[in-house]
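Biologist: I'd like to learn how to read a model like this one. Could you take me through a few features, one by one?

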Amino acid sequence: MQAFDYIAVRSISELCSLLSGQNGQIKLLSGGTDLLVQLREGRVKARLVIDVKYISEMAEIAYDPKQGLYLGATVSCHRVCQDPHIQAHYPGLVDAVALIGGIQIQNRASVGGNVCNASPAADAIPALIVHEAVCQVVGSKGQRQVPIESFCTAPGKTVLEAGEFLLSIQLPPPRQNFGAHYLRFIPRNEMDIAVVGAGAGVTLDNARERFVSVCLALGAVAPIPLYVGEAGAFLAGKRVSGEAIAEAALIAQAAAQPIDDLRGSIEQRKYLSAVLARRALEKAVQRARGET
Amino acid sequence: MTANLRVEQTSAEEQKPAYRVIGTTPIRHDGTDKVTGRALYGADIRLPGMLYGAVLRSPHAHARIKSIDTSQAEALPGVRAVVTSADLPDLESKIAELGEGSINQRYQSCNILARDKVLYFGHPVAAVAAADPHLAEEALALIQVDYDVLPPVLDVNQAMQADAPILLEDLYTDELGKKSEHPSNIASHSQTRLGDIEKGFAEAAVIVEREFTTSMVHQGYIEPQNATALYNQDGQLTIWCSTQGAFGVRDQVASILQIPISKIRVVPMEIGGGFGGKIGIYLEPIAALLSRRSGHRPVKMSMKRSDVFAATGPTSGSTIRVKMGADQQGRITAAQAVLAYEAGAYPGSFVGAGMGVIFAPYRIEHVRTDGYDVVVNKPRTAAYRAPGGTNAAFACEVVIDELCEKLGIDPIEFRLLNGVRQGDRRADGVVYDRIGCLETLQAAREHPHYRAPLEGPFRGRGVASGYWGNYGGMSSASASINPDGTISLVEGSVDIGGTRTSLAMQLAEGLGVPAEAVRPVVADTDQVGYTEGTYGSRTTFATGLAVYELSQILKNKLVEHAARLWEVEPDQVNFAEGIFTCADKQMTLQDFAPQLPEPVVASAAVHATKWGASFATHIVDVEVDPETGKVTILRYTACQDVGKAVYPNYVEGQIQGGVAQGVGWGLNEEYLYDEKGRLVNASWLDYRMPVSLDLPMIDTVLVEVPNPGHPYGVRGVGEVPIVPPPAALANAIYRAVGVRMNVLPMSPGRIVAAIQSRAVHVPEKD
Amino acid sequence: MSKKVLIQATINGEEVEFLAEPRQSLLEVLREGLSLTGAKEGCNNGNCGACNVILDGALVNSCLVLAVEIQGRSLTTIEGIAGPQGLHPIQQKFLEHAALQCGYCTPGFIVAAKALFDQNPNPTEQEVRYWLAGNLCRCTGYDKIVRAVLDAAQAIGKIPVEEI
């Protein structure tokens, strides 16, 4: 690893002033489970590593039935999965976050870090997309909101400009008759990166027979986690049925643009997109109906 | 659920012995150190003035080295030495025996540090020693190497083509004993024949012929290779390392550095797994050179995980074609196989062992096997637990399963009908002594697992058998009686999985004392006589023979001393269960030891030749998700002839570990190279070994057919468990989703592709 | 080489001070700087668990923590698992069940099991396997490890809390 300096900051203002004073090669350290590996392998360079885990606004979880969920960017996966509010109101998020590595990784890795790392296969992002999450970005020019599906721009790249950082992620309060689920396919039972990931969030009518709105997102099949608007548009207003879900799954498959790599072939990923989209929708419907 | 069973299979003539220590489960002598983190493995060593070494490796799979400029690296403050192959003596071609396998010593030297060509991604090119490991890495980045990149050859079939790029200009094919005219990537073609296969196939009612492909896989030991060397001003070289055999390291270092063995001392540290991959050396000569060059300072080196994958000794990928015929009653009439194994960058795959293993459990009158050892631009392969065997058994056992299906014969009944027994002769000349092939099949057939109903869609049960020959070889040991009646045992067999205790137990048994009364120590090359490495499933057997001899020598000496004390003839003194008796006199060893008039010591050495072969039969239940191809193992039972289980829960452990490795090999492990020959999955993220969630409990049945070549009936146990699993899984997958897989690993994508490309029919449940 | 930083932390109940470069991992400093070689390097990228330690009560891979991050914090390593009375029940059960062969992964598993019991004193087999999924073992096939951990849970349940 190249040599770098390290500093732990305690406030947003301290972080901002550090960021504005430096000229490049700064990395923010949250859990470090991606950053340290990348530094070690030389894929990323840093002259200064800023530890942001001590900034309280970035380490908070706050839930309010009207405001929704506030998730600080450095909150660990473990804390997310253990939080009673998130378990109760955002089980679809827990699905995803619980999959990010084994226990050792869970204790360190953060959802915010997973988002900023911007892997096309990131597990948290499709789940956040279907929950209509919004990212709060802070920088020298002030604050701005970025919808999660627009946050990543390319593999490993985000909308963050020089001097900007992710402060928190906000999820709207869960609607009535809403259910979400995320699942992924991996060859083993743990410790793998997703070959394909699929998240679905559905809102049903009061009779719980029709889709009011549907959000579907796929991971690991495009340069960024893919929000498949067409699948949601197709299902909106339709009766909940196996056929409708199967067809939406095929729409998702058509939208997927995977590559061949060491984790999967194009063919396998296209095929799995439909399988997983279908399974995600089915489980999301069950949750919306209060069945699980 | 039944967990682990032991089934004694002594025949009527064989006495059923009553052992006091053999077959019990004392706490291992090194246990406390290992569970407290106190045990010292190779990389744990720290010496005053120690430097850290690091290796620069080739980014190309095949290239000529035009020049290496180390000047900038040498100038970096904190760097104390930089070496390349120019610092190694130029060696002539000569075969060196490794124990499991052999290597041309000039090739081995080039493998340590490349001379004019690099032959695989990760091939070492230069090395540095610096004050800390980070500095060493920085220094590597300053070494300039100029390469002339050549096209890589990455596939056995491609390498065998006449127009393939040639890796080694001085390698000619040994074509059934004759040297080829032109250089080739085919290092050898050998053949074994028995009977007349044309005749045999003519007699067959059913013939199955299939081709199989397996991928390169790695032993996956959790501890990376390491070596620390101190090359002193007086020319004495001391090496501390994690190795399967200290004497083997000494021999190889002497050969590569061209220094006398008498100048080298190798101290084996605790070892974090080997499985055959830590017999050949990689770092030791480099550390030695760096130590000398740096002003005789100790230099510690430890491989990065990615380098372990890229540049140690994985095992061969292979292509195997098998053709077998059987008559209507299910008797195998003929069997033929053509095996081509990747050797990696230099010749010496285990294709020969594959040829021996492939039909080994079956009595067949007409057999022909052809084996090709082929070089490719991948790391030079090394032994991996029953080397060559798993590939071969995968091919054979899947074909047998198909024969059984076509003939409507139960898979175990078929194997019993054709199973080998004492006196049978194999195509490669081996004649079986007392073996347990049929007994393990019977144990499998009788096991509740085989009769348990397996309900539910996409579930299937598979069976496969396997064989491994094991090995004996040379071991030395010495022992002395301590004044408190305990016995110090000094032996040269590195302890990878509990053997210091299984050896202590054999000494204890011989003297009639508890295992705790023996203090075993694994010694270095200056402290004990020559001992071959811990491989070949030889240790409890061969070093055990030496230890048994020790017990008899000590016993005789002690009896003589007791006789002198009591003023009687030695034949009037009885020594049993640790107690000396003569008429009405009695004393324990503990009473007597402080009174001994002189030290009572013993040493013994053996060259064991009567080792016993192992057979195994495995049963596995799987469930396959037909949409994703994911395989879940529901239940696994491994029946194995273990001779006599000296340390039973460790024998169970060997079986369970071998099964787990076989499962990984069968389902998910493979080396993935890009078109430039770069290894793309050199980490445990993408080289997918089973984790705890991927396996159920693994039940074992220890069938005990004693080996007459050992006083306690010991037979090697460690290797055969890895032989059947991929085939057993393939056969189970067939019954679950109706596809016969012929490629390893049977990863989910491949299973789905197989399902989709054929009309799916789930076969009749047995 | 960038300047070393002075770090003060509590390791296995003792106050320690050490110097570390920011780029040094906690694993590296434990092993090379503090002679706590029980934590092992298997992969150095968070895929094998051989380097496990417990940091402020949380099981982590010490290869993915910078040494400088533990300023003011509290760490338990394998060296701190056994108490003054002797081996911890987890360690004892590993020995009784032959849950180790080469022993290299064993410190990581024992630390992981300790962290598991701190959170869930009575896990099922599935819960044990799930918790241990981040620890690789190549020798045992996990069977005896899982049995040892389940048996240790039973054993601990019977011991008064003060005595562990």
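Modeller: We'll go through helix packing, then chain-wide figures, then some backbone details. This is a predicted model, where local features need pLDDT of at least 70, side-chain atom pairs count only at pLDDT 80 or more, and totals for chains, interfaces and linings use all residues. Residues are numbered from 1 along each chain as its sequence is written, chains are lettered from A and ligands numbered from 1 in the order in which they are written, and side-chain values use heavy atoms, with hydrogens and water left out.

Biologist: How should I read two packed helices?

Modeller: Two packed helices are described by the angle between their axes and the distance between the axes. Axes are lines fitted to C-alpha atoms, for helices over the stretch in contact, and angles run from 0 to 180 degrees between N-to-C directions. Helices (H or I, at least four residues) and strands (E, at least two) are DSSP runs, numbered from the N terminus.

Biologist: At what angle do helix 11 and helix 12 of chain A pack?

Modeller: Helix 11 (residues 242–255) and helix 12 (residues 266–288) of chain A pack at about 140°, and their axes are 8 Å apart. That is why helix 11 and helix 12 of chain A count as oblique (angles under 35 degrees are roughly parallel, over 145 roughly antiparallel, 65 to 115 roughly perpendicular, the rest oblique). The crossing of helix 11 and helix 12 of chain A is right-handed; a crossing is right-handed if the near helix is turned clockwise from the far one by less than a right angle, and left-handed if anticlockwise.

Biologist: Which residues of helix 11 and helix 12 of chain A meet?

Modeller: On helix 11 of chain A they include Ile245(A), Ala249(A) and Gln253(A), and on helix 12 of chain A they include Tyr271(A), Arg278(A) and Val285(A). Contact means heavy atoms within 4.5 Å. By class, the contact of helix 11 with helix 12 of chain A has twelve nonpolar, two polar and three charged residues (Ala, Val, Leu, Ile, Met, Phe, Trp, Tyr, Cys and Pro are nonpolar, Asp, Glu, Lys and Arg charged, the others, Gly among them, polar).

Biologist: And how far apart are the axes of helix 11 and helix 19 of chain B?

Modeller: The axes of helix 11 (residues 389–407) and helix 19 (residues 725–737) of chain B are 8 Å apart, with an angle of about 35°. Their crossing is right-handed. Among the residues in contact are Phe394(B) of helix 11 and Tyr734(B) of helix 19 of chain B. By class, that contact has seven nonpolar, two polar and four charged residues.

Biologist: What is the radius of gyration of chain C?

Modeller: Chain C has 16 Å, which agrees with the value near 15 Å for a compact globule of 164 residues. The radius is taken over C-alpha atoms, and the globule rule is 2.2 Å times the number of residues to the power 0.38. Chain C has five helices and five strands, and 63% of its 164 residues are buried (buried is under 20% relative accessible area, exposed over 50%, partly exposed in between, with a 1.4 Å probe and protein chains only). In chain B, buried residues make up 67% of the 766 residues.

Biologist: Where is Ser35(C) found?

Modeller: Ser35(C) is in the loop between helix 1 (26–33) and strand 3 (52–55) of chain C. Its phi is near 60°, a positive value in a residue other than glycine. At 45% relative accessibility, Ser35(C) counts as partly exposed.
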